[in-house]
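Here is a short report on one chain. Look over the sequence and the fold before reading on.

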Amino acid sequence: MAHDRVCIVLVAAPDRETAERLGEAVVTDRLAACASIVPGMKSIYRWQGEIHRDEEALVIIKAPTRGFGAIRTRIAELHPYDTPEILALDVDDGDPAYLRWVVETTGGRG
């Protein structure tokens, strides 16, 4: 069902503590079913004309696709970066029971 689609939201954070705070906020608010933290990520990027190399943590959020707007808003409110990375990737396929759990855990919010 199209209304029950799931997405993966990727958010880079400056450190593990910030990543955990962001992940916990979207799960507590029932915007996401799960947020996994991957510490020790190295990001290389261009910002304001300069190349930067920073240690970051990655938040991998599993949520109903229709709730992405609320997740984007909540992350932007809490994130310390001026322009945070907030990317949604649609899940084309997956274990049906897991995908159903993602939607049911959030109350199908969106």
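How many residues lie between S2 and S3 in their hairpin? Two residues separate these strands. The model is a predicted one, and the sections below work from the whole chain down to single residues.

## Overall fold

The chain holds three helices and four strands. Along the sequence they follow the pattern β-α-β-β-α-β-α. The radius of gyration is 14 Å, close to the 13 Å that the globule rule gives for 110 residues, so the chain is as compact as a globular protein of that length. The C-alpha trace spans about 45 × 25 × 20 Å along its principal axes.

Contacts reach far along the sequence. Take the contacts with a separation of 6 or more: 72% of them join residues 24 or more positions apart.

## Surface and charge

Of the 110 residues, 34% count as buried. The chain exposes about 6500 Å². Carbon and sulfur atoms supply 51% of that area.

The chain carries 13 positive and 18 negative charges. The mean positions of the two sets are 3 Å apart.

## Strand S1 and its partners

Strand S1 covers residues 6-13. Seven of its eight residues are buried, so S1 is largely enclosed by the rest of the structure.

S1 pairs with two strands. Eight bridges join S1 to S3, and the two run antiparallel. Within this pairing, Ala13 has Ala57 of S3 as its bridge partner. Five bridges join S1 to strand S4, residues 86-90, again in the antiparallel sense. Here Cys7 is bridged to Asp90 of S4. In a regular strand the side chains alternate between the two faces of the sheet.

## The S2-S3 hairpin

Strand S2 runs over residues 34-47. S2 pairs with S3 over twelve bridges, in the antiparallel sense. One of the residue pairs is Cys34 with Lys62, the latter in S3.

Gln48 sits in the turn of this hairpin, in the loop between S2 and S3. Is Gln48 buried or exposed? Gln48 counts as exposed, because its relative accessibility is 68% and the cut-off for exposed is over 50%.

## Backbone outliers

Most residues other than glycine have a negative phi. Two residues depart from that habit here. Gln48 has a positive phi near 50° and is not a glycine. Arg30, also not a glycine, has a positive phi of about 60°.

Where does Arg30 lie? Its place is the loop between helix H1 (16-28) and S2. Arg30 counts as partly exposed, because its relative accessibility is 39%, which falls between the cut-offs of 20% and 50%.

## A buried loop glycine

Gly67 is found in the loop between strand S3 (50-64) and helix H2 (68-78). Gly67 counts as buried, because its relative accessible area is 5% and the cut-off for buried is under 20%.

How far is Gly67 from Val6 in space? Their C-alpha atoms are 9.2 Å apart. In sequence, Gly67 and Val6 are 61 residues apart. Val6 belongs to the range of S1, residues 6-13.

## Recap

S3 pairs with S2 over twelve bridges and with S1 over eight. S1 also pairs with S4, through five bridges. Among the loop residues, Gly67 is buried, Arg30 is partly exposed and Gln48 is exposed.

Key: Residues are numbered from 1 along each chain as its sequence is written. This is a predicted model: local features need pLDDT of at least 70, side-chain atom pairs count only at pLDDT 80 or more; totals for chains, interfaces and linings use all residues. Side-chain values use heavy atoms; hydrogens and water are left out. Buried means under 20% relative accessible area, exposed over 50%, partly exposed in between (1.4 Å probe, protein chains only). The radius of gyration is taken over C-alpha atoms; the globule rule is 2.2 Å times the number of residues to the power 0.38. Contact means heavy atoms within 4.5 Å. Accessible areas come from the Shrake-Rupley method with a 1.4 Å probe; for residues, only the protein chains shown count as cover. Lys and Arg count as positive and Asp and Glu as negative; His and the chain ends are not counted. The place of a charge is taken as NZ of Lys, CZ of Arg, CG of Asp or CD of Glu. Two strands pair if DSSP finds at least two bridges between them.
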